[in-house]
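Hi,

Here is the structure I promised to pass on to you. Have it open while you read, and I'll walk you through what turned up.

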Amino acid sequence: MGFEHFDVFVIGTGTAGKSVARECVESGKKVAIADNREFGGTCANRGCDPKKVLVGLTEILDRAAKMKGNGITELPEWSWSELLQFKKKFTSAVPAATEKKFQKLGLKMYHQSPKFLDEITLSVEGKTVTADKIVIATGNRPLELKIPGREFPINSDDFMELEELPESMIFIGAGYIGMEFAHIAARCGVDVTVIDGAPRPLSNFDEDMVAYLQQASEDIGIKFVFNAKVTEVEQLRKNFRVHANGKNGEKIELDARLIVNAAGRVPSIDELELEKGNVAFSGKGIEVNENLQSTTNPNVYACGDVSASEGLPLTPLSSQEARIVTANILNLERNKIAHYPPQPSVVFTLPNLASVGLHEKEAREKGYDIQVEQKNVPGWFNAKRINSSYYAYKTIVDKKTGLVLGAHLIGDDASEMINMFVMAICGKLDCRTLKGMIFSYPSWASDIKAMV
């Protein structure tokens with residue numbers, strides 16, 4: 001009996017994987033798709049979408065707290081269990097709905113992570129299959145802590161399924177995940193500590209803007225321990241204890257009812273047995289060329305968070321890379337990544353932290369003669385009307401052309417405002433043009449004219 005053969009076999013059912021599978025099957029290809037978790041991927045099931053639903057409650061709590069005594073006489077009551085039920089309205093139907101769409105398209109579905117047997121052969125669900133093209137779109141997974149007691153901390157997936165919040169929590173890691181979930185927990189009354197081996201949170205973001213966020217975090221009761229390498233998690237009678245070594249070798253011990261592993265995410269490739277498929281990889285993911293094609297196996301492509309490309313591990317970039325992979329498989333134009341457009345990054349804390357384009361140091365290293373505009377502006381109307389203490393910006397402009405090279409914001413609506421700078425950079429709108437535009441007022445977007 002021969003092996004079943006597919007034109008395209010897609011591994012991963014998130015944004016990138018399902019996009020490639022859909023376009024390929026609609027073009028007449030015989031396509032299979034596989035996933036070892038719920039169909040629909042991280043973002044829709046256990047990532048950015050449900051997280052933003054949880055943030056929605058904290059936005060209300062934060063806004064009410066700021067306006068107490070300024071129109072709000074009593075803070076709102078809230079229910080974590082009701083919030084989780086609301087969140088499930090966004091997530092519970094995703095797997096079945098995704099499978100239903102795949103079935104309608106005629107995709108062959110597998111509920112297991114395949115393993116490579118050779119360059120074009122996979123083993124999945126006890127069956128052996130072959131494919132002309134194999135697309136790896138497995139995304140990222142939580143980083144495993146290589147320490148004693150690694151089994152005790154929960155991860156971000158688990159956090160969003162907690163039936164109730166504990167009295168205290170320690171987050172190991174002060175990156176996106178640690179900061180965002182620490183803010184959710186703290187605003188819901190949890191005693192929160194964040195510990196990290198770095199000297200500050202969010203090392204990829206502008207240091208000056210991060211300093212404001214750290215202060216805002218401390219204002220709501222979050223405690224930070226930096227330059228501390230976690231060495232062990234110990235289970236006590238009621239609590240857990242985190243052991244760490246400080247910068248100068250001092251021993252640190254922190255206790256809490258619950259520990260969260262927020263140390264970051266890594267490419268989800270462990271189960272694929274890539275060596276057998278001659279697929280090169282690194283700590284960043286699958287090594288790919290400008291076509292997002294494996295550098296060692298031309299039958300394999302990788303897109304989304306799992307590819308070691310220049311794209312950030314963000315959902316919009318996954319869609320962009322999926323289009324490139326599809327174009328290569330179907331021999332369409334635009335099958336190479338000429339360049340990545342400006343990639344905005346947002347930390348959905350309150351206030352938001354947002355960034356796009358070059359940092360000040362990067363701009364100078366690239367040889368630009370730059371003008372840096374940096375101000376702390378809580379007295380501007382938009383912040384003042386909601387009684388917000390944190391509103392600041394740093395913009396980097398090329399003196400020669402007047403074009404915006406980078407923008408770094410902190411504020412209650414920074415996640416939306418940063419998109420205005422994305423359009424300015426992509427559209428090559430110089431500062432004179434931006435200042436000459438008429439925006440609705442009073443709106444947060446209208447403030448960008450004063451930031452350049």
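Lysine 87 is a good place to begin: this residue is found in helix α4. Keep in mind that everything here comes from a predicted model. Is lysine 87 buried or exposed? With a relative accessible area of 1%, lysine 87 is buried, since the cut-off for that word is under 20%. And what is lysine 87 in contact with, once its neighbours within four places in sequence are left aside? The list is Pro50, Val53, Leu54, Met160 and Glu161.

Another charged residue to look up is aspartate 157, which is found in helix α6 (residues 156-159). Aspartate 157 has 13% relative accessibility, so this one counts as buried too. Not counting residues up to four places away in sequence, aspartate 157 touches Arg37 and Arg46.

Now for a helix you can practise on. Helix α5 covers residues 94-105, which makes twelve residues. From its first C-alpha to its last, α5 reaches 17 Å, close to the 16 Å expected at 1.5 Å a residue. Which residues of α5 are buried? They are Val94, Pro95, Thr98 and Phe102. These four cover an arc of only 95° around the axis, which means they sit on the same side of α5. Here is the background for that: an α-helix has 3.6 residues a turn, so residues three or four places apart point the same way. Turn the model around and you get the face of α5 that looks away from its buried side, where the exposed residues Ala96, Lys100, Gln103 and Lys104 are carried. As for what covers the buried residues of α5, the cover includes α1 (15-26), β2 (31-34), α2 (41-46), α4 (80-91) and β3 (108-110). After α5 comes glycine 106, with a positive phi near 90°.

You just met α1 as part of that cover, and this helix has twelve residues as well. α1 reaches 17 Å from its first C-alpha to its last, again close to the 16 Å expected at 1.5 Å a residue. Its buried residues are Ala16, Gly17, Ser19, Val20, Ala21, Cys24 and Val25. Just after α1 there is glycine 28, which takes a positive phi of about 95°.

Next, the aromatic rings. How many aromatic pairs does a search of the whole structure find? It finds 13. One of them is phenylalanine 6 with phenylalanine 9, an edge-to-face pair at 6.0 Å centre to centre, with 75° between the planes. Both phenylalanine 6 and phenylalanine 9 are buried. Then look at tryptophan 380 and tyrosine 391: their ring centres are 6.0 Å apart and their planes are at 85°, so this pair is edge-to-face. Tryptophan 380 lies in the loop between β21 (370-376) and α11 (381-384), while tyrosine 391 lies in the loop between α11 and β22 (392-398), so the pair ties together parts that are eleven residues apart in sequence. The two partners have their own accessibility values: tryptophan 380 counts as partly exposed at 22%, whereas tyrosine 391 counts as buried at 2%.

Two more things to find while you have the rings on screen. Trp80, Phe159, Phe171 and Phe181 form one aromatic cluster. Also, the charged end of lysine 30 sits over the ring of phenylalanine 6, 5.1 Å from its centre.

Last, the cysteines. The structure holds one disulfide. It joins cysteine 43 to cysteine 48, with 1.9 Å from S to S. The link of cysteine 43 and cysteine 48 is left-handed, with -125° about the S-S bond. Cysteine 43 is buried, with a relative accessible area of 16%, but cysteine 48 counts as partly exposed at 31% relative accessibility.

Why does cysteine 188 have no bond to the closest cysteine sulfur? That sulfur is in cysteine 48, 20 Å from the sulfur of cysteine 188, and this is too far for a bond. Cysteine 188 counts as buried, at 8% relative accessibility. The story of cysteine 431 is similar to tell: its closest cysteine sulfur is in cysteine 426, 15 Å away, too far for a bond. At 11% relative accessibility, cysteine 431 counts as buried.

Cheers

Note on methods: Residues numbered from 1 in each chain as written. Predicted model: local features only at pLDDT ≥ 70, side-chain atom pairs only at ≥ 80, totals over all residues. Heavy atoms only, no water. Helix = DSSP H or I, 4+ residues; strand = E, 2+ residues; numbered from the N terminus. Expected span 1.5 Å × (residues − 1). Buried < 20%, exposed > 50% of the residue type's maximum accessible area, 1.4 Å probe, protein only. Arc of directions from axis to C-beta. Contact = heavy atoms within 4.5 Å. Phe/Tyr/Trp six-rings, centres within 6.5 Å; stacked < 30°, edge-to-face > 60°. Lys NZ or Arg CZ within 6 Å of the ring centre and 35° of its normal. Disulfide = S-S within 2.5 Å.
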